[in-house]
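Colleague: Could you walk me through the sheet and the pockets of this model, with the cut-offs behind each term?

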Amino acid sequence: MSDKLTIGEVYRAQMELRDIARHPKIIGPTNLSDKCQIYLKPENLQHTGAFKLRGAAYKISQLTPEEKAKGVIACSAGNHAQGVALSATRNGIKSLICLPQGAPISKIEATKRLGAEVCLVPGVYDDAYAKALQLRDEHGYTFVHPFNDPLVIAGQGTIGLEVLEEMPDVEAIVVPVGGGGLVAGIAFAVKTLRPDIKVYGVQAAGAASMVESVHKGERVHLDSVHTIADGIAVKEPGDLTFELCSEYVDEMVAVTDDEIAGAILALIEKQKLVAEGAGAAAVAAAMYGHIPVDGKKVVCIVSGGNIDVNILNRVIARGLAKNGRTCQFELEVDDKPGVLSSVLKIVADQGGNILSVNHERVAAATQVNACVLHLELETLDASHIERIRKALADAGFPVKEN
């Protein structure tokens with residue numbers, strides 16, 4: 001099926017999108033890693049807050065007058081929905097978007113504001129997909145697939161062209177992966193023009209359908225997906241994207257939700273960029289050593305920034321813990337005057353900031369004359385945590401292992 005996509009199509013998409021999409025400049029080198037030079041392609045600054053506008057706009061631009069008259073339908077976890085809605089509205093075309101019922105309210109409302117009619121479907125992306133196909137057949141809409149369409153993939157591939165034009169000395173490009181449209185487009189464009197450049201795909205460990213598919217050599221359907229990266233929570237990759245990824249992507253890896261949270265925090269704190277879970281996945285892979293890019297110039301695609309503000313606080317809390325900025329210690333100590341103050345003094349002398357202390361006497365300790373201390377600390381990094389842990393142990397207050 002890959003013969004349906006040509007480099008000429010990607011260049012045509014680039015011309016078509018010249019005045020439609022933003023073309024965010026590469027940021028970097030950043031201070032996100034001390035092992036490689038991480039640069040960022042901030043598609044979170046795109047119109048609608050995500051790269052999805054590119055593929056949707058190019059697909060809709062290629063419709064016939066008859067197709068435009070009947071309208072378009074799409075399904076999405078949110079970002080593709082907004083891209084289709086904006087593109088359709090700009091062209092005076094009716095759009096109907098099927099969204100998973102659990103999609104962030106911010107994305108649902110944004111889709112409506114952009115002029116689309118929204119149909120909420122119980123379940124996840126794949127359930128919304130089935131409903132969209134049903135409505136397409138009933139009403140004659142043109143279905144705009146979020147990833148498994150050569151024109152959509154060509155639109156996403158324009159990001160690869162922009163990276164090569166702006167940074168020809170790039171050595172590796174790291175791309176978030178859900179259904180695979182973005183990584184397929186970028187990898188196809190980049191490998192066609194510069195086969196020496198490595199392209200890595202990154203999925204959330206709780207939704208690693210493409211990772212498993214590529215490893216097994218056939219498409220895998222997951223029974224369920226669970227990740228904070230809702231934008232890439234896809235149960236099964238497309239046949240076209242799977243074929244392109246198998247041929248053009250050097251390696252597919254998975255990152256944990258804690259690593260994604262750590263990357264979101266690092267992007268906010270160090271680069272003043274807000275990324276959603278999917279958008280931070282590529283940065284997480286580079287930051288936490290999941291890909292072999294030590295010493296190389298690496299461009300990470302920050303694919304979107306539409307994070308639900310209601311979960312941002314929880315994500316930041318997880319990111320702080322992952323990056324060694326907070327920790328929790330549990331110690332069993334003698335229940336006698338002065339012990340608590342001794343423990344707190346050791347922490348203070350090591351530069352730790354105490355966020356909370358919980359002192360339990362009843363049933364928590366193994367010794368009758370002991371009690372258990374629960375400490376929550378603000379720290380600098382993982383090495384700082386170990387210094388505090390060692391200082392406590394050296395003073396006779398070993399931290400209990402979880």
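**Sheet and pockets**

Modeller: Five strands, in the order β1-β9-β6-β7-β8, make up an open sheet with parallel pairing, where strands are DSSP runs of E with at least two residues and helices runs of H or I with at least four, numbered from the N terminus, and two strands pair if DSSP finds at least two bridges between them. This is a predicted model, in which local features need pLDDT of at least 70, side-chain atom pairs count only at pLDDT 80 or more, and totals for chains, interfaces and linings use all residues. Residues are numbered from 1 along each chain as its sequence is written, and side-chain values use heavy atoms, without hydrogens and water.

Colleague: Which are the edge strands?

Modeller: Each edge strand pairs on one side only. β1 does so with β9 (residues 297-302), in the parallel sense over six bridges. The edge strands are β1 (37-42) and β8 (251-255).

Colleague: Which residue is the bridge partner of P42 in β9?

Modeller: P42 falls in β1, which covers 37-42. Its bridge partner in β9 is V302.

Colleague: Which helix gives the most to the lining of the largest pocket?

Modeller: On a 1 Å grid over the protein atoms alone, a pocket is an open set of points where a 1.4 Å probe fits, with protein on both sides within 12 Å along at least five of seven lines, and lining residues have an atom within 4 Å of a point. The largest pocket holds about 550 Å³, as space filled by probe spheres set on points joined across faces, edges and corners. Of its 23 lining residues, G102, P104, T227, I228 and D230 are the closest to its centre. The most, four residues, comes from helix α13 (residues 309-322).
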